[in-house]
Amino acid sequence: QVQLVESGGGLVQAGGSLRLSCAASGRTFSRNSMGWFRQAPGKEREFVAAINWSGGNTVYPDSVKGRFTISRDSAKNTVYLQMNSLKPEDTAVYYCAVITNWPDGVSSWGQGTQVTVSS
C-alpha cells in the first residue's frame, strides 16, 4: 500500500503562489495515477487535479484550470501541485491521493496540508 505525506501548505495573500508536495512510499508509485483534492470548512471534499502514471495526461476542474498545475517526479516518488493566482476561495485542506479509477476514484489518502489565502 502506498503511503502519502503532503507538505508545502501555509498562509499566502490573494494573488500569490504555493507549491504543494506529496512524497509517496512504495515501489508501485510509478505505476499509479495520482491526484489532489481539497476540503474547505463545512464543504465536501472536491477534486482539484489528476495526473496519470506517465505524466502525459492531466485533468482539472474549471475552478482551478489555468491556475493550478499538477506534475510528478517518479525518480523522487513525488507529486506536486503548483498553485498560482490564489484566491480566498482556494482556502482548504489539500489532500494527495492515489487514483485507481481515473480521474477521481481514490484508493489512498494523505493526511492533508492546510492552505489559507488571505484577501
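**Exercise 1. Decide whether Ser21 is buried or exposed in this predicted model, and list what surrounds Ser21.**

Solution.
Step 1. Locate the residue: Ser21 is part of strand β3.
Step 2. Apply the cut-off: a residue is buried under 20% relative accessible area. Ser21 has a relative accessible area of 17%, so Ser21 is buried.
Step 3. List the surroundings. With neighbours within four places in sequence left aside, Ser21 touches Val5, Glu6 and Ser7, then Trp36, and finally Thr78, Val79 and Tyr80.

**Exercise 2. Find which cysteines form the disulfide, and state where they sit in the chain.**

Solution.
Step 1. Count: the whole structure holds one disulfide.
Step 2. Identify the pair: the sulfur atoms of Cys22 and Cys96 are 2.1 Å apart, and these two residues form the link.
Step 3. Place the ends. Cys22 belongs to strand β3 (residues 18-24) and Cys96 to strand β9; the two are 74 residues apart, so the disulfide joins distant parts of the chain.
Step 4. Describe the geometry: the angle about the S-S bond is -80°, and the link is left-handed.
Step 5. Check the burial: Cys22 and Cys96 are both buried.

**Exercise 3. Sort the residues of strand β11 by face, and work out which strands pair with β11.**

Solution.
Step 1. Recall the general pattern: side chains in a regular strand alternate between the two faces of the sheet.
Step 2. Sort the residues. Strand β11 covers residues 113-118; Thr113, Val115 and Val117 are on the covered face, while Gln114, Thr116 and Ser118 are on the uncovered one.
Step 3. Take one partner strand: β2 (residues 10-13) runs parallel to β11, and four bridges join them. In this pairing Gly10 is opposite Val115.
Step 4. Take another partner strand: β9 (residues 92-101) is antiparallel to β11, with three bridges between them. Here Val93 has Gln114 as its bridge partner.

**Exercise 4. Trace the salt bridges that involve Arg38 and Asp90, and state which residues they join into one network.**

Solution.
Step 1. Begin with the count: there are four salt bridges. Opposite charges on side chains can pair when the charged atoms come close.
Step 2. Start at Arg38. Its side chain meets that of Glu46 in a salt bridge, at 2.6 Å from N to O. Arg38 has 5% relative accessibility and therefore counts as buried, whereas Glu46, at 34%, counts as partly exposed.
Step 3. Follow Arg38 to Asp90: these side chains also form a salt bridge, at 2.9 Å from N to O. This pair links distant parts of the chain, with Arg38 in strand β4 (residues 33-39), Asp90 in the loop between β8 (78-83) and β9, and their positions 52 residues apart.
Step 4. Go on from Asp90 to Arg67: the closest N and O atoms of this salt bridge are 2.8 Å apart. Arg67 lies in the loop between β6 (58-59) and β7 (68-73), 23 residues from Asp90. At 11% relative accessibility, Arg67 counts as buried.
Step 5. Combine the bridges: through shared partners, Arg38, Glu46, Arg67 and Asp90 form one network.

**Exercise 5. Describe the surroundings of Asp90 beyond its salt bridges.**

Solution.
Step 1. Assess the burial: the relative accessibility of Asp90 is 0%, so Asp90 counts as buried.
Step 2. Look for a backbone partner: a polar atom of the Asp90 side chain lies 2.8 Å from the backbone nitrogen of Lys87.
Step 3. List the contacts. Outside its neighbours within four places in sequence, Asp90 touches Arg38, Arg67, Phe68, Ser85, Val115 and Val117. Of these, Val115 and Val117 are on the covered face of β11.

**Exercise 6. State which residues have the most contacts inside the largest nonpolar core, and which elements give two or more residues to that core.**

Solution.
Step 1. Name the residues: the core has 28 residues, and Trp36, Leu81, Met83 and Tyr94 have the most contacts inside it.
Step 2. Name the elements: β3, β4, β5 (46-51), β7, β8, β9 and β11 each give two or more residues.
Step 3. Examine Tyr94. Neighbours within four places in sequence aside, its contacts include Leu20, Trp36, Val48, Phe68, Leu81, Met83 and Val115.
Step 4. Note the other core: a second, separate one has five residues, among them Phe37, Phe47, Ala50 and Ala97.

Definitions and conventions: Residues are numbered from 1 along each chain as its sequence is written. This is a predicted model: local features need pLDDT of at least 70, side-chain atom pairs count only at pLDDT 80 or more; totals for chains, interfaces and linings use all residues. Side-chain values use heavy atoms; hydrogens and water are left out. Buried means under 20% relative accessible area, exposed over 50%, partly exposed in between (1.4 Å probe, protein chains only). Two strands pair if DSSP finds at least two bridges between them. A disulfide is a pair of cysteine sulfur atoms within 2.5 Å. A nonpolar core is a set of buried Ala, Val, Leu, Ile, Met, Phe, Trp, Tyr and Cys residues joined through side-chain atoms within 4.5 Å. Contact means heavy atoms within 4.5 Å. A polar contact is a pair of N or O atoms within 3.5 Å; within protein, one must be able to donate a hydrogen and the other to accept it, and residues adjacent in sequence count only if both atoms are side-chain atoms.
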